[in-house]
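Grab a coffee and work through these short exercises with the viewer open. Each one gives a task, then a solution in steps.

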Amino acid sequence: MTPINVLSSILLFTGGVFFLAGTLGLLRFPDVYTRLHALTKADNVGLGLVVAGLAVQAQSWFIVGKLLLIWAFVMLASATTSHLIARRALQRGIKPWKR
């Protein structure tokens with residue numbers, strides 16, 4: 001394997017680990033707010049690492065630009081959706097978890 005393939009594999013694998021961590025946070029955390037935090041943070045970082053792994057293998061700068069644009073749109077959509085879900089949970093009277 002070439003160094004580029006190794007770097008790409010490491011980035012893709014690490015991105016998958018972050019996706020897995022976000023999924024575990026979604027399943028394990030006690031309330032909607034901590035679940036949203038775990039899911040959005042881990043998924044944004046995971047997608048960033050996957051995009052970086054794909055960008056290393058890209059054939060042109062145009063493809064790298066498209067990958068970065070996709071990542072930016074997903075981050076914007078993720079932040080917006082999480083904000084709307086959290087705001088609606090507060091409006092419905094769902095209290096944040098306390099020990």
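**Exercise 1.** In which helix is the place of Leu 20? Work out also whether Leu 20 is buried or exposed.

*Solution.* Keep in mind that this is a predicted model.
- Step one: find the helix. Leu 20 sits in H1, which covers residues 3–28.
- Step two: check the accessibility. The relative accessible area of Leu 20 is 52%. The cut-off for exposed is over 50%, so Leu 20 counts as exposed.
- Step three: look for nonpolar company on the surface. Leu 20 joins Leu 24, Leu 26 and Leu 27 in a nonpolar patch of about 390 Å².

**Exercise 2.** Describe the fold: how many helices and strands does the protein have, and in what order do the elements run?

*Solution.*
- Step one: count. You get three helices and zero strands.
- Step two: read from the N terminus, and the order is α-α-α.
- Step three: turn to contacts. Take those between residues at least 6 apart in sequence; 73% of them link residues at least 24 apart.

**Exercise 3.** Set the radius of gyration of the protein against that of a compact globule of 99 residues. What does the C-alpha trace span along its principal axes?

*Solution.*
- Step one: the globule would come out near 13 Å, while the protein has 16 Å.
- Step two: the C-alpha trace spans about 55 × 25 × 15 Å along those axes.
- Step three: look at burial. Of the 99 residues, 25% are buried.
- Step four: finish with the surface. About 7100 Å² is exposed, and 72% of that comes from carbon and sulfur atoms.

Technical notes:
Residues are numbered from 1 along each chain as its sequence is written. This is a predicted model: local features need pLDDT of at least 70, side-chain atom pairs count only at pLDDT 80 or more; totals for chains, interfaces and linings use all residues. Side-chain values use heavy atoms; hydrogens and water are left out. Helices (H or I, at least four residues) and strands (E, at least two) are DSSP runs, numbered from the N terminus. The radius of gyration is taken over C-alpha atoms; the globule rule is 2.2 Å times the number of residues to the power 0.38. Buried means under 20% relative accessible area, exposed over 50%, partly exposed in between (1.4 Å probe, protein chains only). Contact means heavy atoms within 4.5 Å. Accessible areas come from the Shrake-Rupley method with a 1.4 Å probe; for residues, only the protein chains shown count as cover. Patches are made of residues with over 30% relative accessible area and no salt bridge: like charges are joined within 9 Å, nonpolar side chains (Val, Leu, Ile, Met, Phe, Trp, Tyr) within 5 Å. A salt bridge is a side-chain nitrogen of Lys or Arg within 4 Å of a carboxyl oxygen of Asp or Glu.
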